[in-house]
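Biologist: Before we turn to particulars, could we look at the model together and take its features in turn?

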Amino acid sequence: MNTIFSKASEPEREAIIFQYTGWESGNDGYQNQQQVGRAVGDHFFICPTNEFALGLTEQGASVHYYYFTHRTSTSLWGEWMGVLHGDEVEYIFGQPMNATLQYRQRERDLSRRMVLSVSEFARSGNPALEGEHWPLYTKENPIYFIFNAEGEDDLRGEKYGRGPMATSCAFWNDFLPRLRAWSIPPKSSCNLLEPTSGAHVRYVDIKVLTVLTVLIVLRLF
């Protein structure tokens, strides 16, 4: 954590470590790996995307949000890494529907379902298929649509979530900026041109906006 977030101040790094420590599992190496992965995913992808989506709604945009949560059966990455950034791209472009590739049938069905949703959005501005309801994503109701090949028999069944990662993103988007402000000593009133001794170096959050891990489907009025 200290290496990944090396540009953060010491209080910020301590807060991040505290937030993502698996207190109930003890010093479990596998659990620690997962927690590091969650911290990176939340900070660099999910939480900036949530913030971006809400910013669009404040400007009057209609935002349809989906969250891809399926780990592909052919994935070569370690299981502890879960669903990776960009995993849904092959589904959107229909790769699992290639019968020569070793995808499961439910993954082929999921790909077909996602292709239809993206196509419908391109046609009408709304990704919901016939007879389906896809709520708008708003600050009051941050509802997103879940794409996953597991669970329900009917992949067209409506599966929703809220957030995503609302608690973690409250930490990154709300609490940590306040902690950063508290950590910076005020400048001396007698010499505003000189840097305050011992002041923490501020860092700029890297706002990586992605339409690959968590694709936001939107339509501007």
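Biologist: Which elements each supply at least two residues of the lining of the largest pocket?

Modeller: This is a predicted model, and its largest pocket holds about 660 Å³ of space. Of the 22 residues that line this pocket, the closest to its centre include Gly37, Arg38 and Met81. The elements that each supply at least two residues of the lining are α2 and β1 (62-68).

Biologist: Which element gives the largest share of that lining in the largest pocket, and how many residues is that?

Modeller: By class, the lining of the largest pocket divides into 11 nonpolar, 9 polar and 2 charged residues. The element with the largest share of this lining is α2, and its contribution is 9 residues.

Biologist: Which element provides the largest share of the lining of the second largest pocket?

Modeller: The second largest pocket has a volume of about 290 Å³, and among the residues closest to its centre, out of the 14 that line it, are Asn50, Tyr137 and Cys169. Two or more lining residues come from each of α2 and α5, and the classes in this lining are 7 nonpolar, 3 polar and 4 charged. The largest share, 5 residues, comes from α5.

Biologist: What do the buried residues of α5 pack against?

Modeller: The buried residues of α5 include Phe171, Trp172, Leu176 and Leu179, and Asn173 and Arg180 are also among them. The elements that the buried residues of α5 pack against are α1 (10-19) and α2 (29-58).

Biologist: How far apart are the end C-alpha atoms of helix α5?

Modeller: Helix α5 covers residues 166-183, and because its 18 residues are taken at 1.5 Å a residue, the expected span is 26 Å. The helix bends by about 40° at phenylalanine 175, with proline 177 following within four residues. The distance between the end C-alpha atoms agrees with the expected span, at 24 Å.

Biologist: Which residues does the cis peptide bond join?

Modeller: Most residues other than glycine have a negative phi, and most peptide bonds are trans. In the loop between β3 (160-162) and α5, where proline 164 is placed, omega is about -15° for a cis peptide bond. The residues joined by this bond are glycine 163 and proline 164.

Biologist: Why does methionine 165 count as partly exposed?

Modeller: Methionine 165 is found in the loop between β3 and α5, and its phi is near 55°, a positive value in a residue other than glycine. Buried means under 20% relative accessible area and exposed means over 50%. Methionine 165 counts as partly exposed because its relative accessibility is 38%.

Key:
Residues are numbered from 1 along each chain as its sequence is written. This is a predicted model: local features need pLDDT of at least 70, side-chain atom pairs count only at pLDDT 80 or more; totals for chains, interfaces and linings use all residues. Side-chain values use heavy atoms; hydrogens and water are left out. The expected span of a helix is 1.5 Å times one less than its number of residues. The bend at a residue is the angle between axes fitted to the seven residues ending there and the seven starting there. Buried means under 20% relative accessible area, exposed over 50%, partly exposed in between (1.4 Å probe, protein chains only). Contact means heavy atoms within 4.5 Å. On a 1 Å grid over the protein atoms alone, a cavity is a set of points where a 1.4 Å probe fits but cannot get out, and a pocket is an open set with protein on both sides within 12 Å along at least five of seven lines; lining residues have an atom within 4 Å of a point. Grid points are joined across faces, edges and corners, and a volume is the space filled by probe spheres set on the points. Ala, Val, Leu, Ile, Met, Phe, Trp, Tyr, Cys and Pro count as nonpolar, Asp, Glu, Lys and Arg as charged, and the others, Gly among them, as polar.
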